[in-house]
Amino acid sequence: MTEYHADDYGLFPEQSRHIIDCYHTGALNGISIMPNSPYLSACMDEIKDIKDKLLITVHLNFVEGKPITGSNASRLTNAAGNFDIGFLKLLIISYIPVIRLFYKKQLATEIKAQLKACEPYMNNGEFRIDGHVHYHMIPVVFDALMDVLGAEDYKVSYIRFPKEVLGVYLKAFGKVKDIKPINVVKSLILNVLSARNERKYGEELRRMGVKSKLFMGVMLSGHMFYENVMACLPYLGDVLADKGESEAELLFHPGDVSVPEDIKCLTSKDDYEFLTSANREKEAKALKKLGSNLKR
């Protein structure tokens with residue numbers, strides 16, 4: 001099964017409608033939901049009739065908006081109370097003794113609150129988990145997540161390990177137009193972090209029954225356009241066949257933020273640039289074209 005997945009559902013109402021339109025008229029069959037969004041409940045109400053047909057995932061968020069736990073997440077926020085801690089900073093903190101413990105404690109408290117906020121929306125009582133901008137792969141964050149999962153005895157069926165198969169893009173070289181150097185760096189970093197987390201927690205993850213999937217979406221982050229995806233799919237299929245696997249997750253971001261009042265509410269500069277880009281509409285068109293022959 002191929003999971004055509006969209007992140008950031010529930011961030012804003014109109015933006016979320018743009019995402020779910022890719023289910024009604026396209027290939028979309030999975031969404032990640034924003035735990036700390038004030039609009040999450042209303043956005044989930046809008047899809048209550050199709051919720052069971054979607055793979056719904058908790059999109060752990062330490063980037064956009066305010067933490068659910070408020071001042072208890074003070075190390076992760078700025079003076080305005082908004083998340084404001086960089087990926088690199090948390091990565092460095094992961095390897096600083098003692099200091100990492102203070103951050104890990106606040107991360108665990110916020111993770112527990114975010115999972116609790118999303119619990120009513122999980123299908124079959126099982127959690128699927130990923131992270132906004134893949135922060136969940138940072139060692140101190142993943143360690144905090146695993147502590148929470150162990151302490152709360154949650155049922156977890158899936159955690160996204162965003163490992164790109166770089167060979168896919170080498171074989172598609174010349175056919176794919178939008179691979180940016182920064183995305184190559186991100187892919188290499190996330191591949192290393194994914195391997196670290198799987199190695200450290202492999203036995204525990206297997207005991208919990210957590211599944212993984214072949215993943216595609218970082219190397220072409222922001223540019224998961226139809227032509228690019230179609231150029232890579234045959235080689236991705238070859239990798240699946242070689243591994244004897246049948247499941248892959250393809251990550252898209254079709255939810256453009258276009259309402260002026262919503263744009264003003266974005267707290268992350270990177271999110272502002274990414275979510276207001278015209279590329280979001282192009283990714284939505286890709287999902288719709290990929291599902292053009294699909295009958296719901």
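**Figure 1. Helix α7 is kinked in the predicted model.** The bend in α7 (residues 181-208) is about 75 degrees and is centred on Tyr201. Tyr201 is also one of the buried residues of this helix. Others include Asn183, Ser187, Leu190, Asn191, Leu193 and Ser194, as well as Arg196, Asn197, Gly202 and Leu205. Among the elements that cover the buried residues of α7 are α3 (87-93), α5, β5 and α6 (166-171). Gly209, which follows α7, has a positive phi, near 80 degrees.

**Figure 2. Seven strands form an open sheet with parallel pairing.** The strand order is β5-β4-β3-β2-β1-β7-β6. At the edges lie β5 (156-159) and β6 (214-216), each of which pairs on one side only. On average, neighbouring strands of this sheet are turned by 30 degrees against each other, direction ignored.

**Figure 3. Strands β2 and β3 pair within the sheet, and helices α4 and α5 pack on the sheet.** Four bridges in the parallel sense link β2 (residues 30-33) to β3 (residues 55-60). Gly30 has Leu55 of β3 as its bridge partner. Helix α4 (residues 99-118) touches β2, β3 and β4 (127-131), and its direction makes about 155 degrees with that of β3. Helix α5 (residues 139-152) touches β3, β4 and β5; the angle between the directions of α5 and β5 is about 175 degrees.

**Figure 4. Ile33 and Leu115 touch the most other members of the largest nonpolar core.** This core has 85 residues. Its largest share, 8 residues, comes from α5. Leaving aside residues up to four places away in sequence, Ile33 touches Tyr9, Leu40, Met44, Ile56, Thr57, Val58, His59, Cys118, Tyr121 and Met122. A second core, separate from the largest, has 6 residues, including Leu11, Phe12, Met34 and Leu266.

**Figure 5. Cys22 and Cys265 are shown with respect to Cys43.** The number of disulfides in the model is 0. For Cys22, the nearest cysteine sulfur is that of Cys43, 15 Å away. Cys22 counts as buried because its relative accessibility is 0%. Cys43 also holds the cysteine sulfur closest to that of Cys265; the separation is 13 Å, so the two are too far apart for a bond. Cys265 has 43% relative accessibility and therefore counts as partly exposed.

Key
Residues numbered from 1 in each chain as written. Predicted model: local features only at pLDDT ≥ 70, side-chain atom pairs only at ≥ 80, totals over all residues. Heavy atoms only, no water. Pairing = 2+ DSSP bridges. Helix = DSSP H or I, 4+ residues; strand = E, 2+ residues; numbered from the N terminus. Axes fitted to C-alpha atoms, helices over the stretch in contact; angles between N-to-C directions. Contact = heavy atoms within 4.5 Å. Core = buried A, V, L, I, M, F, W, Y, C linked by side-chain atoms within 4.5 Å. Buried < 20%, exposed > 50% of the residue type's maximum accessible area, 1.4 Å probe, protein only. Bend = angle between axes of the 7 residues up to and from the residue. Disulfide = S-S within 2.5 Å.
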